[in-house]
Amino acid sequence: MAAAPALKHWRTTLERVEKFVSPLYFTDCNLRGRLFGDSCPVAELSSFLTPERLPYQEAVQQDFRPAQVGDSFGPTWWTCWFRVELTIPEAWVGQEVHLRWESDGEGLVWRDGEPVQGLTKEGEKTSYVLTDKLGEEDPRSLTLYVEVACNGLLGAGKGTMIAAPDPEKMFQVSRAELAVFHRDVHKLLVDLELLLGMAKGLGEDNQRSYQALYTANQMVNICDPAQPETFPVAQALASKFFGQRGGESQHTIHALGHCHIDTAWLWPFKETVRKCARSWVTVVQLMERNPEFIFACSQAQQLAWVKSHYPGLHARLQEFACRGQFVPVGGTWVEMDGNLPSGEAMVRQFLQGQSFFLQEFGKMCSEFWLPDTFGYSAQLPQIMRSCGIGHFLTQKLSWNLVNSFPHHTFFWEGLDGSRVLTHFPPGDSYGMQGSVEEVLKTVAKNRDKGRTNHSAFLFGFGDGGGGPTQTMVDRLKRLCNTDGLPRVQFSSPERLFSALEGHSGQLCTWVGELFLELHNGTYTTHAQIKKGNRECERILHDVELLSSLALARSAQFLYPAAQLQDLWRLLLLNQFHDVVTGSCIQLVAEEAMCHYEDIRSRGNTLLSAAAAALCAGEPGPEGLLIVNTLPWKRTEVLALPRPGGAHCLGLIPSSGDSAQHGLCSCSHPHLAAAPAAPAACVCSAGAPQPGAGGPPPTKTDGSVTLDNGIIRVRLDPTGRLTSLVLVASGREAVAEGAVGNQFVLFDDVPLYWDAWDVMDYHLETRKPVLGQAGTLAVGTQGGVRGSAWFLLQISPNSRLSQEVVLDVGCPYVRFHTEVHWHEAHKFLKVEFPARVRSPQATFEVQFGHLQRPTHYNTSWDWARFEVWAHRWMDLSEHGFGLALLNDCKYGASVRGSVLSLSLLRAPKSPDATVDMGRHEFTYALMPHEGSFQDAGVIPAAYSLNFPLLALPAPGPAPAAAWSAFSVSSPAVVLETVKQAETSLQGRKLVLRLYEAHGSHVDCWLHMSLPVQEAVLCDLLERRDPAGPLPLRDSRLKLTFSPFQVQSLLLVLQPAPS
Ligand SMILES: [Zn+2]
């Protein structure tokens, strides 16, 4: 008989219950202290230490030495294998027995040659269930291996998480024993914690809060930790409480097990392979024990790694995928950065990802899954839609520093008008633990209350892996339907989105990019990775185009499909949201650079092979194959190799249509004698052009004017741009009284996320870098190219040299820049004040462009003080504008009339060496009449990024110039030409085109290839059911809406024999 009710004080009652479950206080007499019963040491412990990440079979053959609890091992990135021999005492028959293991680092238990469970203190996995109930006849002796990686869940930062890794860190094993586990105690602890959570979370003015607290208090009254026979009554009280149901209007939470594993970040790629195994093998165990538990798993690359390194585990994952418990999500190869990859690269993320998911799990993903990335391109909805995906889940915008995003469930409408149903889990996390606090937060924070009554709840340790635990699952099971809380159900993304679809009539729409108001430094950090990314995107574009032409023209040529898949996958891997962004440790950056080198060298070999195939069989002398890989005519100055290793400059013309997206042949002698074109005029300032007119006379000492008849550029004696004139109209592009090409340094000390963040206040520390007069010299003089050259000391430690180049016929002036950069927490930019006024500037994004404000009117405007762009940005007023092009930069801003390109940063965490050393990059300025569309800014930016190729041809080059494709409208860009995925070794090509001006347009695609059939297809290359398009004289008519991307499948005629 319970004692009479006492006067209850809310706080003391609450704390009484807290002490009863505390792992810190009163464990000698409280319930927590009874979680484990009898224990005994393992029979024998031995270990083997290695710097390698060895496969199991190899590791267990090694020489294991005796070890004991308390031993240290390491250092960082090494692996310690433990052999654990154990014998369970006979007296424990009928009991649940665990191996309790506590060590630093990340452990993986192996049993009978297969991985069975992860063990990490940080991930709350310190116990491995040996048996649920030891039977009389069960074997009681066993040998296990525990593979411990010498790094934590989040790497091995020295001092703080994001500090560079400490290479000397040592690790320790602090517990290795067998123990009896009391499941009934565990259940009571879960219930009491949930009751406490409700009491606290619902608060003192809520009736249900008191009911929860008094129930818990009563359970403590009843429960004697030393007498298990008292437990069932307490348990019954809890069951009665949790069995009191909520009403029909209750919010529904869709609990999804998840484990965010960064494909590389504070640890190298190779460790991620093991992180996947440790995390997912634990998930398999949870799925076995909890048939209702569902786990969502993204990133095809990680699954591909597990398939090759842990085939047994992969087979189990496939098995659980069939049962619907293991749900592959996302559709992409990795969870890539949402800003920097090109449009084509984003398409390939889905193409590679979806085909892997289909092949391995029999099904493509129906939702894009990108919880953790640093912004989302406005072109993503269209790409998703055309990859069979209508749903999108993320949550990173909850990190916005300035503005709180107004929705959790909404339609996101992209650049072309495509819409996808988008959900941000309102709890603003992808690493929930299943607590009442989080469940309540999910309901309270939902910005679309009244519009939708369903939310996602992603639970499981994440970032460095780990994933869900049994305790989290137990909590969520208990909360399935109890009054005072939302209903919680284990669910799949499909069920979540179909529930959200049910409310779609009520939902709001957000148009345009999802800009993250944080981590804006990631557009610039690690310039070499950015450069590798841009360059490798170009190489793969060129290899695919040239190989496609070779396939069409040569019966013998084998399209290098498998090699291209490898190279694409490497590039896509590096576009992971902590790699291309530069927010990774040095080890990862070094690996990324090796990946780029691999793509460069193998890509160039493939280019040569395609060139050779194109040249075979034609009569004529050996020579150079000049290739224009862009779909429009080009006349450009090109440096051509001469015998003996020298180079000469040649003007490569395109007569008629001959060089449109095609080839022309040139032999050395011909080019060496390239006709003198109208000279790019170089004159040092001592002899200014007579009648040049324009601005008032500058000092004549040491300034230089470059003039190609299209634009006239004047540089002051320190290399700054004092004038940029469109010759035909005499229009000046540099703001009055200002100078362009002005380098500026900023202090760049963020609040925490060093490699990630540049803060608004850095703008207050602007310091122009001033050069010394007299450093400007004339470089190349006359002929087809004129240039000037100067040196600039940026600081005592860093210097810069620049060649300012103007080619004949070229509408832009290029700035080839070399920087030796040795700084700490500084940001280098270059500024161009323009004689242009406009409230908005235009920035290139994937397959299109968008406008952003040039003022700071609202908090949404000023939060975009640093933005990203791809190859160009433009500031235009009616009739005139100035475009700034670049070949490997992404960070930018336009404030007022000043265009600014972000060049180099110098953060120190998590890579202390990032960006130190030598850099080379090019940007260019293009003043123009009319709109940037009509003036050809887009093709100019392509030309800067895709130089004409001059490939040595081992055989004779084709005698006549030849063009494969051309498009009748300048608004439509033929971006990609490749072999169709569906017909490896077959004669089918895929063409990708997009509308680049933001207009409705009809156009003709001209083809000189032997095309038998043409049909539209989606981005996954699935044929449009409407059937083939009418082909007229090798022409196709295509109709585009603004920024629409279209893909064409071309079936080629059989190869000429
Ligand atoms: Zn991440």
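## The largest pocket

Split by class, the lining of the largest pocket comes out at 23 nonpolar, 11 polar and 15 charged residues (nonpolar covers Ala, Val, Leu, Ile, Met, Phe, Trp, Tyr, Cys and Pro; charged covers Asp, Glu, Lys and Arg; the others, Gly among them, are polar). The pocket itself holds about 1,300 Å³ of space. It has 49 lining residues, and those closest to its centre are R814, S943, L944, P947 and L948.

A word on the ground rules: this is a predicted model, where local features need pLDDT of at least 70 and side-chain atom pairs count only at pLDDT 80 or more, while totals for chains, interfaces and linings use all residues. Residues are numbered from 1 along each chain as its sequence is written, and side-chain values use heavy atoms, with hydrogens and water left out.

As for the terms, everything is done on a 1 Å grid over the protein atoms alone: a pocket is an open set of points with protein on both sides within 12 Å along at least five of seven lines, a cavity is a set where a 1.4 Å probe fits but cannot get out, and lining residues have an atom within 4 Å of a point. Points are joined across faces, edges and corners, and the volume is the space filled by probe spheres set on them.

## The second largest pocket

Next up is the second largest pocket, with about 1,100 Å³ of space. Of its 34 lining residues, L35, E124, T126, S127 and T471 sit closest to the centre. Two or more lining residues come from each of β6 (96-103), β9 (127-131), β11 (171-181), α3 (183-202), α6 (269-289) and α12 (470-478) (helices, H or I with at least four residues, and strands, E with at least two, are DSSP runs numbered from the N terminus). By class, this lining has 9 nonpolar, 12 polar and 13 charged residues.

## Enclosed space

There are 6 cavities of 30 Å³ or more. The largest cavity has about 270 Å³ of space. Its lining takes in 24 residues, and S342, E537, R871, F946 and E975 are the closest to its centre.

Which elements each supply at least two residues of that lining? They are α9 (343-361), α14 (527-553), β38 (840-845), α20 (937-945) and β49 (972-979). Helix α14 gives the most, with 5 residues. The lining of this cavity divides into 8 nonpolar, 7 polar and 9 charged residues.

## The six-stranded sheet

One open sheet has 6 strands in the order β3-β2-β5-β10-β7-β8, paired antiparallel (strands pair if DSSP finds at least two bridges between them). At its edges are β3 (65-66) and β8 (114-119), each pairing on one side only. Inside the listed order, β2 (residues 44-50) and β5 (residues 79-87) run antiparallel over 7 bridges, with S46 opposite R83 in β5.

Helix α6, which also helps line the second largest pocket, lies across β5, β7 (106-111), β8 and β10 (141-149), at about 95° to β8. Contact here means heavy atoms within 4.5 Å; axes are lines fitted to C-alpha atoms, for helices over the stretch in contact, and angles run from 0 to 180 degrees between N-to-C directions.

## The nine-stranded sheet

Another open sheet strings 9 strands together as β33-β34-β35-β36-β45-β42-β41-β38-β39, with antiparallel pairing. The edge strands, β33 (777-778) and β39 (848-853), each pair on one side only. From β33, 2 bridges reach the antiparallel strand β34 (residues 785-793), and V778 stands opposite A788 in β34. Helix α20 packs on this sheet and touches β36 (813-821), β41 (872-877), β42 (880-886) and β45 (917-929), its direction making about 20° with that of β42.

## Aromatic pairs

The structure holds 42 aromatic pairs (Phe, Tyr and Trp rings, using the six-membered ring of Trp, with centres within 6.5 Å; planes under 30 degrees apart are stacked, over 60 edge-to-face, the rest tilted). Y56 and Y145 make an edge-to-face one, 5.8 Å centre to centre with 90° between the planes. Y56 belongs to helix α2 (residues 56-59) and Y145 to strand β10, so this pair ties together parts 89 residues apart in sequence.

## Backbone oddities

The loop between β4 (72-73) and β5 contains P75, which is joined to G74 by a cis peptide bond with omega at about 0°. W77 is also in the loop between β4 and β5; it has a positive phi of about 75° although it is not a glycine.

A cis peptide bond also links S909 and P910, with omega about 5°. P910 lies in the loop between β44 (898-905) and β45.
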